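I opened the notebook to record what I looked up in this structure. The entries follow the order in which I took the points.

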Amino acid sequence: MSTLARSGAVLGLLAGLGLLLVWLGLPRHRRAGLSDRVLPYLTDTPRPSNLLAGDPPRSGVFATLFAPVLGELGRHVERVMGGAASVRQRLLRAGLQPDLDRFRAQQVIWGITGGAGMLALGTLAAVTRGSSPVLVLLLTGIGVISGVAGADWFLSHRATKREQRMLAEFPTVAELLALAVGAGEGAVGALERVCRLSHGALSDELRRCLADARAGASLPVALHGLADRTGLMSLTRFVDGIVIAVERGTPLADVLRAQAQDVREEGRRLVMEAGGKKEIAMMVPVVFLVLPVTVLFAVYPGFSFLNFTM
């Protein structure tokens, strides 16, 4: 009887999912958008450039079923946390599309995952140790909050790591640009050559600048977009040097070499600062762990000898 009950439950679940998909597939839920109504009349237009195309839309059963719920929960998270401008800026710094709704949906997924994990942990504690249901609810709430905050922290961490990689790549890219300019290339030609020969986060940003320039923007405007997306002072000075060289005809190779040297000196200074901080941190186990053990080994034989003689 139990086997028949389980089979009936599975069949009922499958039938319910099938009816739900049929209901979602009704014509009333498949209303044509503006692009679906206009595109059939634009078949003779040339295909748009791939440089201007964004990420392809993702569709599927999961997106069809849960996208509205995730969107609504994401709007609630946005109302609670706020900071839309900061999130968009960090998305750009991390090399992602500034899609706030997608990021809020990711935060919701992180929160649900954290809440589910803590709910399972609290349920296990309630079953094995007889914990209070209030503790289970409290752990679930902590898991949800930790997941949402963890997604925000991970975005900041990802943006910081990408900027660190860009700073590490900057001296080499600046030297290559200086060599290309010294060999007779113009600013655009030097950027194209460096982007073709190099790979990395900074090279990707330079390719994006060239794509914006090919799409109709001037090179100074495209480079200022690079400075606005990253927010690094070194790259801002780099962009200003190229823009001034393009607009006023100043020697670009010397400026690029000087900027590369400045970034290398700044990197050495940061390494020395990190070394000083690590040296101070290393004193903590020495003072609170190694030194007491050493004193104990030095003093304990004397105490044991005194106890033996007494």
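Entry 1, the end of H6. I looked at what comes after H6 in this predicted model. The helix is followed by glycine 184, and the phi of glycine 184 is positive, near 110°.

Entry 2, the length of H6. I asked what end-to-end span the 50 residues of helix H6 should have. Helix H6 covers residues 133-182, and at 1.5 Å a residue the expected span is 74 Å. I found the end C-alpha atoms 72 Å apart, which agrees with that expectation.

Entry 3, the course of H6. I then checked where H6 has a kink. A kink of about 40° lies at phenylalanine 170, shortly before proline 171.

Entry 4, aromatic contacts. I searched for ring pairs and the count came to one aromatic pair. The partners are tryptophan 110 and phenylalanine 154, with ring centres 5.8 Å apart. I noted an angle of 35° between the planes, and the pair is classed as tilted. Which parts of the chain does this pair tie together? Tryptophan 110 belongs to helix H5 (residues 100-129) and phenylalanine 154 to helix H6, so the contact ties together parts that are 44 residues apart in sequence.

Entry 5, exposure of the pair. I looked up whether the two partners are buried or exposed. Tryptophan 110 has 38% relative accessibility and therefore counts as partly exposed. Phenylalanine 154, at 37%, also counts as partly exposed. Both values fall between the limits of 20% and 50% that bound this class.

Entry 6, valine 221. I located valine 221 in helix H9, which comprises residues 219-230. Its relative accessibility is 52%, so valine 221 counts as exposed, the cut-off being over 50%. I also recorded its relation to cysteine 209: the two are twelve residues apart in sequence, and their C-alpha atoms are 8.8 Å apart in space.

Entry 7, internal space. I searched for cavities of 30 Å³ or more and the count came to one. The largest cavity has a volume of about 40 Å³. I listed its lining as Leu177, Val181, Ala187, Ala190, Leu191, Ile242, Leu252 and Leu256. The elements that give two or more residues to this lining are H6, helix H7 (187-197) and helix H11 (252-309). Which element gives the largest share of the lining? I found that H7 does, with three residues. By character, the lining divides into eight nonpolar residues, no polar and no charged.

Note on methods
Residues are numbered from 1 along each chain as its sequence is written. This is a predicted model: local features need pLDDT of at least 70, side-chain atom pairs count only at pLDDT 80 or more; totals for chains, interfaces and linings use all residues. Side-chain values use heavy atoms; hydrogens and water are left out. Helices (H or I, at least four residues) and strands (E, at least two) are DSSP runs, numbered from the N terminus. The expected span of a helix is 1.5 Å times one less than its number of residues. The bend at a residue is the angle between axes fitted to the seven residues ending there and the seven starting there. Rings of Phe, Tyr and Trp (its six-membered ring) pair if their centres lie within 6.5 Å; planes under 30 degrees apart count as stacked, over 60 as edge-to-face and the rest as tilted. Buried means under 20% relative accessible area, exposed over 50%, partly exposed in between (1.4 Å probe, protein chains only). On a 1 Å grid over the protein atoms alone, a cavity is a set of points where a 1.4 Å probe fits but cannot get out, and a pocket is an open set with protein on both sides within 12 Å along at least five of seven lines; lining residues have an atom within 4 Å of a point. Grid points are joined across faces, edges and corners, and a volume is the space filled by probe spheres set on the points. Ala, Val, Leu, Ile, Met, Phe, Trp, Tyr, Cys and Pro count as nonpolar, Asp, Glu, Lys and Arg as charged, and the others, Gly among them, as polar.
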